[in-house]
Amino acid sequence: MKGLYVAAALAALATGAAAEVKVGMITTLSGGGAGLGIDVRDGFLLALEQSGRDDIEVIVEDDAQAPDTAVQLADRMIQSDRVQVLTGIVWSNLAMAVVPSAVNQGIFYLSPNAGPSQLAGANCHENYFNVAWQNDNLHEAAGAWANQTGYANSFILAPNYPAGQDALTGYKRFYEGELAGEIYTELGQTDYAAEIAQIRASGADSVFFFLPGGMGISFLKQYADSGVDIPVIGPAFSFDQGILQAVGDAALGVVNTSQWSKDIDNPTNAAFVESFQAEYGRLPSLYASQGFDTANLLISALEVADPSEDPDAFRAALEAADFDSTRGDFEFGPNHHPIQDIYAREVVQEGDVFTNRIIGVALEDRGDAYAEECAM
C-alpha cells in the first residue's frame with residue numbers, strides 16, 4: 001500500500017519548505033482491528049492540525065495487523081524515509097516485532113497504545129515512551145473493581161498473545177477472589193460458543209474478558225444472545241466508543257476500566273471531545289485520545305529540541321511531558337510509562353449513542369508492576 005503523507009507536511013510542501021521532522025506512523029487501517037488504528041491516526045493528526053506547525057511530516061502506513069508487514073514498513077521508514085520518530089502501533093505482538101530494533105537504531109518510539117510488559121521491564125529503552133499505559137494496567141483496575149463490587153469467583157479469558165497474557169496477569173495481580181475458569185482464546189477468533197458454554201457451567205459470579213476490536217463485538221453479541229446472566233467486567237478496549245455502537249443494547253450497564261473517558265472534567269479534554277466530533281462526525285474513542293496525547297507530547301518535545309540534532313535534549317523534553325493531556329495531569333514513571341488514575345465506567349445510552357460515564361476510581365496514581373525491572 002502506498003504511503004500516505006499527511007498533516008503539517010502538506011503546508012510545508014505547498015510553500016516549498018522542507019519538513020524538519022519526519023514521523024512514521026505504522027498502524028492498523030484494514031481488517032478487524034481497523035477502527036482502533038483509524039482512531040489513533042485521527043486523534044494524532046487532529047493534534048498536529050491544531051498545533052499549526054508546518055515542519056512535521058507524517059508518513060502513515062497500514063500494517064494490516066501483520067508483524068512481518070510492520071517490520072518491513074519500519075525498516076523502509078528508517079532506512080529510506082529517514083524518520084526520526086515512529087508511532088502508531090496498536091497490537092503488542094507488532095510492537096515487540098518493531099520497537100526493539102527501531103530504538104536500538106537511535107529512533108524514538110512513542111506508543112499510543114501497545115504496552116507489553118517486556119518493554120516496560122527488562123527490555124525498556126531510553127528511546128521508548130508509552131503514552132497510553134502498560135498493558136496490565138486496565139486489567140489490574142478491573143481486578144480491583146471486582147473486589148470493591150464483591151465478586152469472589154471470576155471466569156477470565158483473553159486472546160493468546162502478549163497483551164492477552166498481560167491482561168489476565170494484571171487482573172489476577174489485584175483480584176482477591178477465586179477463579180471459576182481461565183481460558184486463552186485464539187487471536188482474531190469470532191466464534192465463542194464453546195467458551196460461553198464453559199462460562200455457563202462454571203459457577204462463576206462474574207466474567208472478566210479482554211477481547212479488543214472485532215473479537216469483543218463478536219463475544220458480547222453471542223454472550224447476550226446466549227441468555228447467560230453472569231455480570232461482565234472488562235477493560236475499556238472491549239467497551240470503547242466504536243465497539244459500543246456495534247454491540248448496542250448488549251453492553252448497557254457493563255462496567256469497564258479506563259484511564260480516559262469523554263467526561264473527564266478538564267478544559268483540554270472538553271475541547272478535544274468537541275473538536276474531534278466536529279472534525280470527524282463521531283465521538284472520540286480511548287484510542288483517539290491516546291493518539292491526540294501522543295502527538296501533543298511530541299510537539300511539546302519539539303519545542304525544546306530536534307531529535308536528530310540533540311537527541312538527549314529531545315529525550316529529556318519527552319520525559320518532562322510538558323503538555324496538556326486529555327487526562328489532566330500527566331507524568332511518566334522511571335520506565336517511561338504513565339503514572340495515572342484508572343476509572344471505572346458504566347456503559348450508558350445518550351439519545352441514539354451508546355457511550356461510557358465514570359462511576360468511580362478503580363486505582364489511583366498507578367504506575368506499573370515492571371518498572372523495578374527496568375535498568376534504564
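**Figure 1. Helix 6 in the predicted model, end to end.** Helix 6 covers residues 137-149, 13 residues in all, and its first and last C-alpha atoms are 18 Å apart, close to the 18 Å expected at 1.5 Å a residue. The model shown here, and in every panel below, is predicted. Right after the helix comes G150, with a positive phi near 95°.

**Figure 2. What surrounds helix 6.** Of the 13 residues in helix 6, 10 are buried, so the rest of the structure largely encloses this helix. The buried ones are N137, L138, H139, E140, A141, A142, G143, A144, W145 and A146. Their packing partners are a mix of elements: helix 7 (162-174), plus strand 9 (206-209), strand 10 (232-235), strand 11 (255-258), strand 13 (338-350) and strand 14 (353-366).

**Figure 3. Helix 6 against helix 7.** Zoom in on this pair and you get a packing angle of about 35°, with the axes 7 Å apart. The crossing is right-handed. On the helix 6 side, the contact uses H139, E140, A142, G143, A144, A146 and N147; helix 7 brings D166, A167, G170, Y171, R173 and F174. Sorted by class, that contact comes out as 6 nonpolar, 4 polar and 3 charged residues.

**Figure 4. G181 in strand 8.** G181 sits in strand 8, which runs over residues 178-185. Its relative accessibility is 15%, so G181 counts as buried. Leaving aside residues up to four places away in sequence, G181 touches S154, F155 and I156. For a sense of scale, pick L302 as well: it lies 121 residues from G181 along the chain, and the two C-alpha atoms are 48 Å apart.

**Figure 5. A64 and R82, two loop residues with positive phi.** A64 is not a glycine, yet its phi is positive at about 55°. You'll find A64 in the loop between strand 3 (56-62) and helix 3 (67-79). With 42% relative accessibility, A64 counts as partly exposed. R82 is another non-glycine residue with a positive phi, near 60°. Its loop lies between helix 3 and strand 4 (85-87). At 57% relative accessibility, R82 counts as exposed.

**Figure 6. The annotated stretch.** UniProt, in an unreviewed entry, lists residues 20-351 as "domain: Leucine-binding protein". Over residues 20-351 the chain is 44% helix and 20% strand. The C-alpha atoms at the ends of this stretch are 45 Å apart.

Conventions:
Residues are numbered from 1 along each chain as its sequence is written. This is a predicted model: local features need pLDDT of at least 70, side-chain atom pairs count only at pLDDT 80 or more; totals for chains, interfaces and linings use all residues. Side-chain values use heavy atoms; hydrogens and water are left out. Helices (H or I, at least four residues) and strands (E, at least two) are DSSP runs, numbered from the N terminus. The expected span of a helix is 1.5 Å times one less than its number of residues. Buried means under 20% relative accessible area, exposed over 50%, partly exposed in between (1.4 Å probe, protein chains only). Contact means heavy atoms within 4.5 Å. Axes are lines fitted to C-alpha atoms, for helices over the stretch in contact, and angles run from 0 to 180 degrees between N-to-C directions. A crossing is left-handed if the near helix is turned anticlockwise from the far one by less than a right angle, and right-handed if clockwise. Ala, Val, Leu, Ile, Met, Phe, Trp, Tyr, Cys and Pro count as nonpolar, Asp, Glu, Lys and Arg as charged, and the others, Gly among them, as polar. UniProt positions are given in the numbering used here, feature names are shortened, and annotations may be inferred rather than shown by experiment.
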